[in-house]
Amino acid sequence: MANSLGTLTLDLIAKIGGFTGPLDQASRRSQKWAADIKKHAAVAGQAIAAASAVAAAAGVAWVKSTAETATEVARLAQISNAGTAEFQKAAFAAQSVGIEQDKLADIYKDVNDRVGEFLQTGAGPMKDFFENIAPLVGVTAEEFRALSGPQALGLYVESLEKAGLSQQELTFYLEAMASDTTALIPLLRDGGKGMADLATEAENLGLILSDETIAAAKQFNQDFDTLGRIAGSVGQKVAAELLPELAELTKTLKDPATADAAAKLASAVVTSFNTMVTGVREAVGFITWASESIAAALDGPAIGDIIRIEDRLDYLTNIATKYQEAGRAVPARISAEIDELNHKLEASLQLQQEAQLAAAAAEKAALAKAAAEKKAGEEQAAANERARKERAEQLKLEAAAEEARKKSEKAAEEAAKAAQRRADAIIQEIAALDQQVAVLGMSTKEQALYRLETEGATKAQLEQASALLDTIDAFEKQQRQQEAYRALVADLRTEEEQLTDQLKERLRIIEAMPDIPEGERREQTRRAVDAVFSDAPEFGGIDATIGGPAGELMKIDDAQEELEEWYASQLELLEKSRQERADLNAEWDAQELDLARQHHEQLANIEKNRQLVQLSAAESTFGSLAEMARTYAGESSGIYRALFAVEKGIAIARAAIAIQEGIALAAANPFPLNLAAMASVAAATGSLVGNIAAIGQAHDGIMSVPKSGTWNLEKGERVTTAETSAKLDATLERVQAGMAGGRRGGGPTNITINQPNVTNAREARDSSAATQRAVSRAMRGGMRYD
């Protein structure tokens, strides 16, 4: 019994000990939970009470905001030429590509404008579409007429897709309709599938306001505005009643004590607000904690609630350990719950790991999506930029075309004006011709009277005009006569008179200049005097190829006569000038010396040329005589040799004169250049005389060559050696000895020719003829045979 009692006592103690600890712990947890509930509930109550007041005001603001949003939707839908529901769906979809509803409304408005412009004028940005794209896909402008903005844009994109346009071309056509329309391409592709899917999602989420809601919102806005105006009116009345008190309040507020109290009030308000926010935050936490705790108490910790599972598992494990320490079996319920908690913990850890892996995968996917979206955005931006540039280039082309059109119109307008001016000019010209025909044959007076008459002049005016015209004609006639007489007198002046008048005028101009230096005045005076006197006439030299020596002598005589006439006229002009301006005696003396110098130089030149002509005439004469002697008497005859020697002598004299003239011209160069020039002339002409002297004729044979030189031969003649010449000489002597007795009168024939001092062309001709006659008589006499 004692053992049994002891065992029962121990068992009871063990049982009580096994349960009292957990019961105490549970009691403490319950008390703590109750305290937390009370604390959180108190704070939450305060927060909820404060939030209720805020919510009341926020509710009104929210209603007002919703009404304004509905009104704005109605306005934008009207701009877009679309229904409110249709526009809201399109706006929800457009937000996914970064297009807000204001921008979307602008896009739809531009689309409507482009369609209307083409329907009215057949021009505008859609002209290219209807000319290049619409015919390919069978779309007409009339199909766009009754469409809303979203429908028109959808049909436009669908037509571009059917035409098979590239991304760049699609971008170009969309940007031509409205800017940033390219961003809507993902929504508008495939017949607007992306737009329709998002529109359905918005409708399912209840984001689309009905037409009735929008109408009610508009009415609410109007009523609220009316209420605001009424409240304003009431406020004004209240303010009027409170103005005295408000003035006193303002005075009180200016008091420093009031300012300090206001600061403390503001601090209290801020503190209260922070407390309210903290309370709301703790209330939310409390509600969450309470919900989870109630669920864990009813159904046990949920899978995934690792903290509560571990807490519960630790608690049950401690109980099981105590059972085991007491040598008792762990109740099946506790063991089952421990196993269940272990399975939940394992599943929770597995879920946690999977969640972490899923989060990592989601993060990776999000990064990849962000990168893809970034790349797509960059590509889209690049496409937009290309489209912008292409559009800008298109605008440039359109601007250039417009400028060309304006220029063409301006050119056409100018051409029309020019044509009109030409037509007017033709009309005026014809009228002028008619006028000329009308006055054809009339005098100047009659023409003037006719014009006055056609312009409506009266008879008295015509008579007065006629008298005035007679006076004008008489005066002009007298003027013409005087001018004609003056011109006649001027034309009849001699050259010397003209030069004298010119000198007087130039000297008057020089003297009229008071500010020029005296040296310059003297120089200009000298130049004016020099300009009056002409240079001596120059004789250009002889030309024996025209007229022969006799003709050249006549030219020389004419040149000398012209020189003497010039010299006399210049001296006469100089004397007249000296008499009129004796104050310029130094200039006249210098001019006289210059005239004398020119006269002497030209006279010497003429005399030199006369000598050359005379020598040329003599050379020609003796050359002709020598040729006649060679023909009749042979080259070996004495007369031929004499005439040939005279001809060579004359040639040598001419060469000497030419050499002297060349050296004289060379000596005229400045020193020391004249020395080199004279040496060059001497070297070039030094052998001229020797060459002339060495010239010989041997056409009829010669006994022996007297010296080295130049000998002329003709075809068929020969030159023999000295031995052959000796044999021929012996043979000729025998022949001549045999013929000596047969000739009458022997011995040489002497011819004497006197060349007179020829001074003019006539004497040269007479002398040449006489010489030729004398030589002929001598030759005939010398050739007679007995």
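The expected span of a helix is 1.5 Å times one less than its number of residues. The views below are taken from a predicted model.

**Figure 1. Overview of the predicted chain and its confidence.** The chain contains 23 helices and 2 strands. Of its 786 residues, 24% are buried. Where contacts link residues at least 6 apart in sequence, 64% of them join residues at least 24 apart. The average pLDDT of the chain is 74, and 60% of the residues score at least 70. Confidence is highest in helix H11 (residues 306-325), at a mean of 90, and lowest in helix H23 (residues 761-782), at 51.

**Figure 2. Two stretches with pLDDT under 50.** Over residues 1-30, pLDDT stays under 50, and the model has 6 contacts there beyond four places in sequence. Residues 739-756 also stay under 50, with 20 contacts beyond four places in sequence.

**Figure 3. Helix H2 and the loop that precedes it.** Helix H2 covers residues 84-95. With 12 residues at 1.5 Å each, H2 should span 16 Å, and its end C-alpha atoms do lie 16 Å apart, so the two values agree. The buried residues of H2 are Thr-84, Phe-87, Gln-88, Ala-90, Ala-91, Ala-93 and Ala-94. Asn-81 sits in the loop between helix H1 (2-79) and H2. The phi of Asn-81 is positive, about 60°, although this residue is not a glycine. Asn-81 counts as partly exposed because its relative accessibility is 41%.

**Figure 4. Helix H3 and the glycine that follows.** Helix H3 runs over residues 101-121. Its 21 residues should span 30 Å at 1.5 Å a residue, which agrees with the 30 Å between its end C-alpha atoms. Buried residues in H3 are Leu-104, Ala-105, Ile-107, Tyr-108, Asp-110, Val-111, Val-115 and Phe-118. After H3 comes Gly-122, with a positive phi near 70°.

**Figure 5. Packing of H3 against H4.** Two packed helices are described by the angle between their axes and the distance between the axes. For H3 and H4, the axes come within 9 Å and cross at roughly 70°. The two helices, H3 and H4, are therefore roughly perpendicular to each other. On the H3 side the meeting residues are Arg-114, Val-115 and Phe-118, and on the H4 side they are Met-126, Lys-127 and Phe-130. Of the H3 residues in this view, Val-115 and Phe-118 are among those that are buried.

**Figure 6. Surroundings of Ala-134 in helix H4.** Helix H4 covers residues 126-137, and Ala-134 lies in it. Ala-134 counts as buried because its relative accessibility is 2%. Apart from neighbours within four places in sequence, Ala-134 is in contact with Phe-129 and Val-139. Ala-163 is 29 residues away along the chain, and its C-alpha atom is separated from that of Ala-134 by 8.5 Å.

**Figure 7. The pair H6 and H7.** Helix H6 (residues 149-162) and helix H7 (residues 167-177) have axes that come within 10 Å and cross at roughly 160°. Angles over 145 degrees count as roughly antiparallel, so H6 is roughly antiparallel to H7. The contact is formed by Leu-153, Tyr-156, Val-157 and Leu-160 from H6, together with Leu-170, Tyr-173, Leu-174 and Met-177 from H7. The crossing of H6 past H7 is right-handed.

**Figure 8. Asp-190 within helix H8.** Asp-190 belongs to helix H8 (residues 185-204). Its phi is near 55°, a positive value in a residue other than glycine. Asp-190 counts as exposed because its relative accessibility is 63%.

**Figure 9. Leu-469 in helix H14 and its contacts.** Helix H14 covers residues 459-492 and contains Leu-469. The relative accessibility of Leu-469 is 19%; buried means under 20%, so this residue counts as buried. Setting aside neighbours within four places in sequence, Leu-469 is in contact with Lys-445, Ala-448 and Leu-449. From Leu-469 to Glu-446 the C-alpha to C-alpha separation is 9.5 Å, and the two are 23 residues apart in sequence.

Key. Residues are numbered from 1 along each chain as its sequence is written. This is a predicted model: local features need pLDDT of at least 70, side-chain atom pairs count only at pLDDT 80 or more; totals for chains, interfaces and linings use all residues. Side-chain values use heavy atoms; hydrogens and water are left out. Helices (H or I, at least four residues) and strands (E, at least two) are DSSP runs, numbered from the N terminus. Buried means under 20% relative accessible area, exposed over 50%, partly exposed in between (1.4 Å probe, protein chains only). pLDDT is the predictor's confidence in each residue, from 0 to 100. Contact means heavy atoms within 4.5 Å. Axes are lines fitted to C-alpha atoms, for helices over the stretch in contact, and angles run from 0 to 180 degrees between N-to-C directions. Angles under 35 degrees count as roughly parallel, over 145 as roughly antiparallel, 65 to 115 as roughly perpendicular and the rest as oblique. A crossing is left-handed if the near helix is turned anticlockwise from the far one by less than a right angle, and right-handed if clockwise.
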